[in-house]
Structure formats: C-alpha cells, structure tokens
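Dear colleague,

Please find below the structure that I am handing over to you, together with its sequence. My notes on the findings follow it.

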Amino acid sequence: MKMDDEEADLREQIFHNNVREQIIFLLLFILLYLISFTLIEKFRRRDSEDYFTADEDEVKVYRISLWLCTFALAVSLGSALLLPVSIVSNEVLILYPNSYYVKWLNSSLIQGLWNHVFLFSNLSLFVFLPFAYLFSESSGFPGCRGLKGRVYETFIVLALLGIAMLGLAYVISAWIEGDRSGVDALLNLWTYLPFLYSCVSFVGVLMLLVFTPLGFVRLFGVVGGVLVKPQFLRDLNEEYYMYSFEEETIRRRIDNAVATGVCYISPEPMYSDKGDFSEPLDLDVSMCKEKKNAASPGIDKVPLLRLRNGALQAGLNERLQKIVAMRKEVENQRKTSSLQRNVVYPLAMLLLLGLTTITVLMVLQNTLELLIGIKAVPLSTRQFTLGITSLSKMGWAGATLEAFLILYLHAASLTGLSAPLRALRVLPRARRTPLPRIIALAAVMLAHSTAQPLLVKILGITNFDLLGEFGRIEWLGNFRLVLLYNANCTTGLNGWLIFLVYQKIQKL
C-alpha cells in the first residue's frame, strides 16, 4: 500500500512539473509573440493593397499570413535567446541551489525549451512561411473561388513543393552518404526534416561567417551615428551653420521661381556634377516620376540644378525637406551635455573595441585548442544537467561575459546582414513594407537566428553544450570543417579589426 502511494505521488509530481513547464513555455511564447507583433506592426504597409480592402477574403488571408509571420519571428527571437538564457539559468542555480524562488528552473525546463524551439523552427521554415506566401499569392481554382478555393490551392502547391524538397533531400543524402540510398531510406520520410534543417543551418552558419566580421566594423559606425561625437571629432556648430545657409539658399531659389515664373536656373551652374545639389535626384518621391516611367530613360541621372519646369521645383522642395530635417537633428545634438559627448561616446567605443578584441582572442584560443587536441568538435549527444558546475573558469562573471558576447555576436551579425539587404533594397521601412517582403525577411531572420547557437559553439565562445537536436546536427562532427571555419573567422575578424583601427587613426 505504501509503495502504491509513493508511486501515485511520483506520478502526481511528474504531472504537476509537466503542467508548470507547459505554462512557462506558453507565457514565454506569448511574450515573444507580442514583441514580434509590435515589430511587424511598425513596419507593415497599411493601404488598400494589403489590409484596408473591401474584400473580406483578402483581409482574412492577410491576417492569417501575418499571424504566421509573427509566429516565425517569435520563434527566431526565442532561438537567439536560447544560449544566453541557458547560461544564465545554470549560473543562477549554482548561486542559489536551495532557493524556493528558482525551484521551477531545472534541466527539464531548459531541455524542453530547446526541443520546442527546434520543432517550431522546422515547422516555421518548411511549413508556415511557405504556406503564408503561397496563401497570400493564391487565387483559387476555376469554379472554386473564394477562401476555400485559395486554401485548396495553397495546400496542393505546398504538397507538391514538399515532395520536391523531400526528393532533393534524398538525392543530397544519397550523394553524401551512399549507404542511405536504398528503398528503406527513401520511405523513411521523417529523417529528412532534420537533414533539411541541417542543410539550412549550414547555409546560415556560412552566412554568419561572412556578415559577422563585417558587422563588427559597421557597429562602430552605427553607435557613432547614434551618439554625439566629441568636439574635436565633429564640429556641430559648423554643420548647423552649413545646413542653415543651404536651407536659406534653397528657399530663395524656390521663392524666386514662384515669383518670376522662371522654371530653370539662370545662369546654369558652372561647377562639376558633384555634391549634394548636383547629384542625381531620387525621382521616386518627386514629380518627375511620370517622366521617369516614360520614354526618357536618362532623366533619373540629371543633376538637381539642371532640371527644368515642375521637376526643378519638386526637386528643390524635396531637397529642402531633407536639409530642414538634418538641421533640426544637428540642432538637437548641439543641446547635448558635454559629459555625454566627452565621456559616453569614448566609453561606448572602448566597450565595442574591448568586446571585439575578447571575441577575437577567444576564437583564436579555440582554434589553437582544436589543433592541439584539447577541445573536441561541438557535436554533443550527452545529457546536460544544470546547476552542477560553472561554465566558465571565472565563475558567474565569466558566464555573464559569455552571455553578453553571444548577444554582441548576434547584434554584429544582424548589422552586417543589413548591408546586402540595403544594397538589394529589401530592408524593412516603417509602414511601407509589403507582406511578401515581410515573409522573406522573417525567413531570413529565422535562418539567421537558428544558426546563431551553432556559430557560438563552433567558435568556442561558451562551453555550454547544444541541447536536443541542435547538438546532433551531423556536420558539427566534421573536424576539418569546424577547424576551417574557425581559421577563416579568425582571419576575417583580425583583418576587419586592423582595418577598423587604421580607419580610426586616419580620422584622428
């Protein structure tokens, strides 16, 4: 009887622990979903082509696609926070092993969090985001229009796309591993989803190899653009007077054109086509847009002061708006205190330089340990238990530094990724981003975020083992691949760091 009571109590405890973990997962997901929804609401376009339309079916399709994008973005945020949260949780359990307030924090919770992120990453990448795009672009079958017809079309196209992807995965798997080319491997469809995710993660890690070193350099420019530089690096008074004089000059030109009816600059400018006034005008927001779309392909290369008629006044008004905005920005920066300009900016630059140097040294140390044989490849299949030992030799301080370095790597890679997105003109713009671009950016963010834990583990930033299916990705056990990745990353980081120091010295 006593054994039965103990077994019943054990089952009850397991049940309560499971319910508690599911409630925590739900609360975390709701928090991440709200953050993702806020971000998408800031950037999505609001006009009759997207949301505000008279067709109720279009509104439902748009809402469903937007919810799926929000779900994928929430999963990407959770994936980016996996390692920092796990590291901090381990140190909290070591510092407060008997605290009542952290009893809910255990290995099962963290392990379940990793498993949920891996599962939802696969679903978002291979099911939800393709469905959102196909659903938004569908029109239904002939004779079966409306929402039901669009759902049927989306599922059929998605099924065909899934068959093609599984066939491609089978071919790649048979090419890499010849013993998996049999009929049994072909029928075992469940093994292809982790394999496809492994391929996507490999592409994401290669993407991070290119954009992370670039992001380290661009972060200095981003921070320098947000903070106000000291007086010896930037003369705000000179910039303010320059913008004020330019604003007054443009206003006089506009007033003269309106008063006299002259639709051209007389005399014509004598200087070469360089500088703000003579650079080609962005006609997308001016009255020359109609002429640009006409049979005059070279009009978008005409300098501003060489334009005529309404195009000149439109260009001058557009230029005036930009100059007024820059003058107001400089005027606000002039009001910042000397403490913020002379102390905060140098400290921020030193902090970024210190974090970058520490990252380079840790990657270099990891490369040498791989060569000597002290450290093994990041492939992990063992069960990790939280709260046993600290992950760093410096205790909680070292673990906190590792968590900050992981977040810093993530910020640097995102900053580097923005460069090609800006070159391709696909960066999100506030209230002007269409739904297809939101879906594409959500897919890029998901691939980027799910590859981030792999990047951190490959570079040896932390000793925390990859949990769940993340640690069983097969290519992580390839020693040559991991070593080559560390060597290339070390070379890239050192090169960009030297370039950054040289650039700062040249500015001084």
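Rings of Phe, Tyr and Trp (its six-membered ring) are taken as a pair if their centres lie within 6.5 Å; planes under 30 degrees apart count as stacked, over 60 as edge-to-face and the rest as tilted. Please note that the model is a predicted one. On this basis, the structure contains 8 aromatic pairs.

One of these pairs is formed by F131 and F155: the ring centres are 5.4 Å apart and the planes meet at 50°, so the pair is tilted. The two residues come from distant parts of the chain, 24 residues apart, with F131 in helix α4 (residues 107–137) and F155 in helix α5 (residues 146–176). As to their surroundings, F131 counts as buried because its relative accessibility is 13%, whereas F155, with a relative accessible area of 47%, is partly exposed.

Another pair is made by Y240 and Y241, with ring centres 5.8 Å apart and planes at 65°; the pair is therefore edge-to-face. Y240 is buried, at a relative accessible area of 17%, while Y241 counts as partly exposed, at 44% relative accessibility.

R334 is placed over both of these tyrosine rings. It lies over the face of Y240, 4.4 Å from the ring centre, and its charged end also sits over the ring of Y241, 5.9 Å from the centre of that ring.

Elsewhere, ring pairs join F29, Y33, F71, F120 and F128 into a cluster.

Turning to the surface, which residues make a nonpolar patch of about 670 Å²? The patch is built from F15, V19, I23, L26, L27, I30 and L34. Of these, F15 belongs to helix α1 (residues 2–43). With a relative accessible area of 52%, F15 is exposed, because the cut-off for that class is over 50%.

Finally, I checked the geometry of helix α12, which covers residues 396–423. Its 28 residues, at 1.5 Å a residue, should span 40 Å; the C-alpha atoms at its ends are 42 Å apart, so the two values agree. The expected span takes 1.5 Å times one less than the number of residues. After α12 comes R425, which has a positive phi, near 60°.

I would suggest opening the model at Y240, Y241 and R334, where an edge-to-face ring pair and a charge over each ring can be viewed together.

With kind regards

Conventions: Residues are numbered from 1 along each chain as its sequence is written. This is a predicted model: local features need pLDDT of at least 70, side-chain atom pairs count only at pLDDT 80 or more; totals for chains, interfaces and linings use all residues. Side-chain values use heavy atoms; hydrogens and water are left out. Helices (H or I, at least four residues) and strands (E, at least two) are DSSP runs, numbered from the N terminus. Buried means under 20% relative accessible area, exposed over 50%, partly exposed in between (1.4 Å probe, protein chains only). A charge sits over a ring if NZ of Lys or CZ of Arg is within 6 Å of the ring centre and within 35 degrees of the ring normal. Patches are made of residues with over 30% relative accessible area and no salt bridge: like charges are joined within 9 Å, nonpolar side chains (Val, Leu, Ile, Met, Phe, Trp, Tyr) within 5 Å. Accessible areas come from the Shrake-Rupley method with a 1.4 Å probe; for residues, only the protein chains shown count as cover. A salt bridge is a side-chain nitrogen of Lys or Arg within 4 Å of a carboxyl oxygen of Asp or Glu.
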